[in-house]
Amino acid sequence: MTSAVVLGLSIAMLALLLVAYLATTRQDRKGKSMRSAGSPPQPQPAPVQEPASSSRASGPGRAGSDYPDPRTIRVGDTVGYQGVRARVQGALYLSSQGKEWTHYLLDDGTRRTQWLSVVEQGGTPGGDPSHLEVELWTTVPTQGMVPAKSMLIMEGVEFFPIERGTAAFRSEGVTERPERGLLDFADYRADDGRLLSFERVQGQAWTASYASPLPPGSIEIERPKN
């Protein structure tokens, strides 16, 4: 009797274990099926679109390719600027502490004395690139004034010193200057950007000029016809 009871209990226990195993297996299969087919795939993030490169505003251009290079002006050329045409009578080639620039004496048919200066301002390493500066200088009476080392007033405008020194020069053509020599200069700027410069050949009197900046690309150059 006891053996029969034990056997019956063992069979019942095995049946319960089998039912539990089958239920667990079925639940696991159902879960896998739901994971593989039930859930929609997660949307993938759209690839980042690089913005269309906007056309940069065209810069000032390059001298010699986009417009005539003012550094190539020669004595005898005719230059155009601000609707004026003038003949280049002479040139002063100056240098000071490794910096070089040129003054061109212009004749536009009037009695005024004008110089066109062309200088290449060097850039800085990893900073601004070099660029050309073109300025039109018109001589003004100094009335005996001499350049001060501090602020000075010219025709009611305050000018502040920015640079002064001595440059060696070589002249070509008609310049009203010796063939070679030393030139003292003192440059000033007003708050509104206007420039004033004093110059003198050593041993002579000071002269003064106002400057008007000109875009390098605005200069027209015409060679004399042979």
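A residue counts as exposed when its relative accessible area is over 50%. K149 has a relative accessibility of 74%, so K149 counts as exposed. The model in which this holds is a predicted one.

**Overall make-up**

The protein has 226 residues, and 30% of them count as buried. One helix and eleven strands make up its secondary structure. The helix comes at the N-terminal end of the order, which reads α-β-β-β-β-β-β-β-β-β-β-β. Among contacts with a separation of 6 or more, 48% are between residues 24 or more positions apart. The accessible surface is about 15,700 Å², and carbon and sulfur atoms hold 54% of that area.

**Strand pairing**

Strand 1 (residues 78–81) is paired with two strands in the account that follows. With strand 2 (residues 84–96), strand 1 forms four bridges in the antiparallel sense. V79 faces A86 of strand 2 across this pairing. The two strands make a hairpin with two residues between them, and Q82 in the turn has a positive phi of about 50°. Strand 1 also pairs with strand 11 (residues 220–222), again antiparallel, over three bridges. Here T78 has E222 as its bridge partner in strand 11.

Strand 5 (residues 131–140) likewise takes part in two antiparallel pairings. Eight bridges join strand 5 to strand 4 (residues 114–121), and S117 stands opposite E135 of strand 5. Seven bridges link strand 5 to strand 10 (residues 207–214), where L136 is opposite S212.

In a regular strand, side chains alternate between the two faces of the sheet.

**The largest pocket**

The largest pocket holds about 610 Å³ of space. Its lining consists of 28 residues, and H103, W137, D187, S197 and E199 are those nearest the centre. Strand 3 (99–107), strand 4, strand 5, strand 7 (157–173), strand 8 (180–190), strand 9 (195–201) and strand 10 each give at least two residues to the lining. Sorted by class, eleven lining residues are nonpolar, eight are polar and nine are charged.

**Two buried strand residues**

T102 is part of strand 3. Its relative accessible area is 13%, so T102 is buried. Beyond its neighbours within four places in sequence, T102 is in contact with A91, L92, Y93, L116, S117 and V118. One of these contacts, S117, is the residue that stands opposite E135 in strand 5.

L183 belongs to strand 8. With a relative accessible area of 1%, L183 is buried. Residues up to four places away in sequence aside, L183 touches L94, G165, T166, A167, F169, E199, R200 and V201. Among these, E199 is also one of the residues nearest the centre of the largest pocket. L183 and G203 are 20 residues apart along the chain, and their C-alpha atoms are 9.6 Å apart.

**Exposed loop residues**

K149 sits in the loop between strand 5 and strand 6 (152–154). Though exposed, K149 is in contact with P161, R164 and Y188, leaving aside neighbours within four places in sequence. The C-alpha atoms of K149 and E163 are 9.7 Å apart, with 14 residues of separation along the chain.

Most residues other than glycine have a negative phi. Two loop residues have a positive value instead: phi is near 55° in Q97 and near 55° in E155. Q97 is placed in the loop between strand 2 and strand 3, and its relative accessibility of 85% makes it exposed. E155 is found in the loop between strand 6 and strand 7, and with a relative accessible area of 62% E155 is exposed too.

The relative accessible areas of the residues discussed are set out below.

| Residue | Relative accessible area | Class |
|---|---|---|
| T102 | 13% | buried |
| L183 | 1% | buried |
| K149 | 74% | exposed |
| Q97 | 85% | exposed |
| E155 | 62% | exposed |

Technical notes: Residues numbered from 1 in each chain as written. Predicted model: local features only at pLDDT ≥ 70, side-chain atom pairs only at ≥ 80, totals over all residues. Heavy atoms only, no water. Pairing = 2+ DSSP bridges. 1 Å grid on protein atoms, 1.4 Å probe; cavity = no way out; pocket = protein on both sides within 12 Å on 5 of 7 lines; lining within 4 Å. Points joined across faces, edges and corners; volume = space filled by probe spheres on them. Nonpolar A, V, L, I, M, F, W, Y, C, P; charged D, E, K, R; others polar. Buried < 20%, exposed > 50% of the residue type's maximum accessible area, 1.4 Å probe, protein only. Contact = heavy atoms within 4.5 Å. Areas by Shrake-Rupley, 256 points an atom, 1.4 Å probe, with all protein chains shown as cover.
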